Amino acid sequence: MLLAQLIVATDIGGELVDALSFAFGMFWEILWALILGFTLSALVQAVVSKQEIRRLLPDDSPKTLAVATAVGAASSSCSYAAVALARSLFRRGADFTAAMALEFASTNLVFELGIVMALLLGWQFVVGEFVGGPLMIVLVALSFRLFLTRRLVEEARTQANRGLVGSMEGHAEMDMSVQAEGSWWRRLRTPQGFTATADYFVMDWAAIWRDIAGGLLIAGALAAWVPDSWWQSLFLEHHSTAARFWGPVIGPVVAVLSFVCSVGNVPLAAVLWNGGISFGGVLAFIFGDLIVAPILNIYRKYYGWRMAGFLLATFYAAMVAAGLIVEFVFRGIGLEPTARNAKVIEASVTWNYTTFLNFVFVIPAAALVWRYFRRGGGLPMLRMMNRPMAHDHGHEH
């Protein structure tokens, strides 16, 4: 009996080591990419003020939606911060549809997401994401035009103005951008530009580290413990035609149940792809970060039950449709990937290009962290990230 218990304990311990090994292996593979992505995002945020963003989103015209998409793509990739920022802009007069477009772009079209997808999944997925993301925004805007009533918008505005607290409220409202005169390049080269970049870099990491860690740990556990046969059965891999339609339908559902957002979804997507989900299903899964259970609860607080239900229905429909369209378009033009070789690797730190890039990119990351704690917001700003700025009288450079 004791021997059997020891064998079981050894097996469990070995599986746990395997799960942690997979998680660390993927983290090591994408570390430099995360640093690069967050740095690029911080540079853009350092010269684009939130006041300017509000001014650029007055309606739901194609031009405004294009601007919202572009600005969102250059913003923080934290899903919670994106949702809070959209509510903040809406309360201050931005168009609701434009605010939702910015929210989608902030989580689905950001630098770091594309770089990490290229490393773990391949370039076809990056192209699919950056085709499917704008397509999904167009589908949501059309759905809003057809089904969103003025009365429901006003109900949502009334609820939004109650100011119920969600998550990352302070992070979404803080404006550390450089307001000096001159070109964006000149502003970035000033000491204030360096400090603003450091502020955004550290705060974005602080906002999203839980999702990244959660995504890596869940992906590692699934890779170690769930057999391929189970995934293949769930995704109907042996029924190729049905699988193409089923993947985009089930993908967002898996995302809702995973509770992981933004860049943290990519390691999970790699496991799902190797497990047999369709190409469009992977994209729909990644799009699904804006309807995970905690964010649906925030929609309820921000906009009320009716609008939360409306957002769930329209967002889910757009995710499924975008995944299906990209699936069949890419198949038609010969860009659909077929090899299921996403990088879900065990811990292995060897002297290769990944290790070299990690060491190279850690240097500017360390400089930005040093600047943040030396001249930037420091611990007080980190404590303010999850509280509405009205409680703290604002924070601007």
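# Exercises on a helical chain

The side chains of Glu 155 and Arg 306 come together in a salt bridge, with N and O 2.9 Å apart, in what is a predicted model. The exercises below start from this pair and then move to other parts of the chain.

## Exercise 1. A network of charges

Task: Work out which parts of the chain the pair Glu 155 and Arg 306 ties together, and which residues are linked with them in a network of salt bridges.

Solution. Begin with the location of each partner: Glu 155 belongs to helix H8 and Arg 306 to helix H17 (residues 305–333), so the salt bridge ties together parts that are 151 residues apart in sequence. Next, look for further partners of Glu 155, and you will find that Arg 151 also forms a salt bridge with Glu 155, where the closest N and O atoms are 3.5 Å apart. Both Arg 151 and Glu 155 lie in helix H8 (residues 150–160), with their positions 4 residues apart in the numbering, about one turn of the helix. The spacing fits a general rule: an α-helix has 3.6 residues a turn, so residues three or four places apart point the same way. Putting the two pairs together, Arg 151, Glu 155 and Arg 306 are linked in a network of salt bridges. As a last step, compare the cover of the two residues from H8: Arg 151 is exposed because its relative accessible area, 65%, is over 50%, whereas Glu 155, at 30%, counts as partly exposed.

## Exercise 2. A salt bridge between distant parts

Task: Decide whether Arg 244 and Glu 336 are buried or exposed, and state where each of them lies in the chain.

Solution. First establish the contact, which is a salt bridge between Arg 244 and Glu 336 with the closest N and O atoms 2.7 Å apart. This pair links distant parts of the chain, since Arg 244 is in helix H13 (residues 240–258) while Glu 336 is in the loop between H17 and helix H18 (353–375), 92 residues apart. Then apply the cut-off, by which a residue is buried under 20% relative accessible area: Arg 244 has 17% and is therefore buried, and Glu 336, with 17%, is buried as well. For the chain, the count of salt bridges comes to 7.

## Exercise 3. Proline in the loop and a covered helix

Task: Find which residues Pro 337 is in contact with, leaving aside its neighbours within four places in sequence, and describe how helix H14 is covered.

Solution. Pro 337 is placed in the loop between H17 and H18, and with a relative accessible area of 9% Pro 337 is buried. Once the neighbours within four places in sequence are set aside, the contacts of Pro 337 are Gln 124, Phe 125, Trp 273 and Phe 279. One of these, Trp 273, is among the buried residues of H14, which leads to the second part of the task. Helix H14 (residues 265–275) is mostly covered, as 10 of its 11 residues are buried, including Val 266, Leu 268, Val 271 and Leu 272. After H14 comes Gly 276, whose phi is positive, near 120°.

## Exercise 4. A nonpolar patch on the surface

Task: Identify which helices each supply at least two residues of the nonpolar patch.

Solution. The patch on the surface is formed by Leu 16, Leu 20, Leu 217 and Trp 225, which together have about 400 Å² of accessible area. Comparing these residues with the helix boundaries, one finds that helix H1 (2–45) and helix H11 (191–225) each supply at least two of them. Leu 20, for instance, is found in helix H1, and its relative accessibility of 46% makes it partly exposed.

## Exercise 5. The whole chain

Task: Explain why the radius of gyration of the chain agrees with that of a compact globule.

Solution. Start from the length: for 397 residues a compact globule would have a radius of gyration near 21 Å, and because the chain has 21 Å, the two agree. The C-alpha trace spans about 65 × 50 × 50 Å along its principal axes, and the secondary structure comes to 19 helices and 0 strands. Buried residues make up 54% of the 397 residues. Finally, of the contacts between residues at least 6 apart in sequence, 87% join residues at least 24 apart.

Notes:
Residues numbered from 1 in each chain as written. Predicted model: local features only at pLDDT ≥ 70, side-chain atom pairs only at ≥ 80, totals over all residues. Heavy atoms only, no water. Patch = residues over 30% accessible without salt bridge, like charges linked within 9 Å, V, L, I, M, F, W, Y side chains within 5 Å. Areas by Shrake-Rupley, 256 points an atom, 1.4 Å probe, with all protein chains shown as cover. Salt bridge = Lys/Arg side-chain N within 4 Å of Asp/Glu carboxyl O. Buried < 20%, exposed > 50% of the residue type's maximum accessible area, 1.4 Å probe, protein only. Rg over C-alpha atoms; globule rule 2.2 N^0.38 Å. Contact = heavy atoms within 4.5 Å.
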